[in-house]
Amino acid sequence: MKAIASNMTMDQKLVLDIEDVVAVRLECGTCKTAILISPLDWKETIKQCPNCRSLWMDFRNSKPPAACFIDGLRDVIEEARLAKEAAINGIGKQAYRVRLEVQRPS
Ligand SMILES: [Zn+2]
């Protein structure tokens, strides 16, 4: 019997509950300064880098995708927390869960 060599690789992924997301990291493409934004505390937009003042989010034509993403993330986390609370209190059930699947860092 001949052994068959395989080039198969294992893709390892992490699955995160959306309500476990504690921050979104915004990093400046110019000076690499990074800031962390808690989705639940997100109220204002970040138009420019707090360090070098490079333009980050341009609101002239429409809401930037990053701002839409953080808005949506906040709403999904709040909805998930309310549904989980209702399920714990026996007054409802969590109809679905939002989870993120990401590549495991190498
Ligand atoms: Zn910067």
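Where is the place of P64 in the chain? P64 has its place in the loop between β3 and α1, and we will visit it in one of the views below. Every view shows a predicted model, in which local features need pLDDT of at least 70, side-chain atom pairs count only at pLDDT 80 or more, and totals for chains, interfaces and linings use all residues. Residues are numbered from 1 along each chain as its sequence is written.

**View 1. The whole protein chain has one helix and four strands.** Starting at the N terminus, you will meet the elements in the order β-β-β-α-β. Here helices (H or I, at least four residues) and strands (E, at least two) are DSSP runs, numbered from the N terminus. The radius of gyration of the protein chain is 20 Å, well over the 13 Å that the globule rule gives for 106 residues, so the chain is more spread out than a compact globule. That radius is taken over C-alpha atoms, and the globule rule is 2.2 Å times the number of residues to the power 0.38. Along the principal axes, the C-alpha atoms fill a box of roughly 65 × 50 × 25 Å. Of the 106 residues, 4% count as buried. A residue is called buried if 20 or more other C-beta atoms lie within 10 Å of its own, exposed if 12 or fewer, and partly exposed in between, with C-beta atoms placed from the backbone.

**View 2. Strands β1 and β4 pair in the antiparallel sense.** β1 covers residues 13–17 and β4 covers residues 99–103, and five bridges link them. Two strands count as paired if DSSP finds at least two bridges between them. Look for V15, which stands opposite E101 in β4. Strand β1 is hardly covered: the count of buried residues among its five residues is zero.

**View 3. I18 sits in the loop between β1 and β2.** I18 is partly exposed, with 16 other C-beta atoms within 10 Å. Setting aside neighbours within four places in sequence, I18 is in contact with V76, I77, A80, V98, R99 and L100. Contact here asks that the C-beta atoms of two residues, placed from the backbone, lie within 7 Å. I18 and R99 are 81 residues apart along the chain, yet their C-alpha atoms are separated by 5.2 Å. For the protein chain, among contacts between residues at least 6 apart in sequence, 45% join residues at least 24 apart.

**View 4. The hairpin of β2 and β3 has six residues between the strands.** β2 (24–27) and β3 (34–37) have K32 in the loop between them. The two strands run antiparallel and are joined by four bridges. One pair to find is R25 with its bridge partner in β3, L36. In the loop, K32 has a phi near 70°, a positive value in a residue other than glycine. Most residues other than glycine have a negative phi. K32 is exposed, with 10 other C-beta atoms within 10 Å.

**View 5. R53 and P64 are both found in the loop between β3 and α1.** Phi of R53 is near 70°, again a positive value in a residue other than glycine. R53 is exposed, with 12 other C-beta atoms within 10 Å. P64 is partly exposed, with 16 other C-beta atoms within 10 Å. Not counting residues up to four places away in sequence, P64 touches M57, D58 and F59. The C-alpha atoms of P64 and S38 are separated by 18 Å, and these two residues are 26 apart along the chain.

**View 6. Helix α1 covers residues 65–88.** How far apart are the end C-alpha atoms of α1? They are 34 Å apart, which agrees with the 34 Å that its 24 residues should span at 1.5 Å a residue. This expected span is 1.5 Å times one less than the number of residues in the helix. K84 lies in α1 and is partly exposed, with 16 other C-beta atoms within 10 Å. The C-alpha atoms of K84 and P105, 21 residues apart along the chain, are separated by 29 Å. Just after the helix, G90 takes a positive phi of about 70°.

**View 7. The protein chain averages a pLDDT of 87.** This score is the predictor's confidence in each residue, from 0 to 100. In this chain, 92% of the residues score at least 70. Among the elements, α1 has the lowest mean pLDDT (90) and β2 the highest (95).
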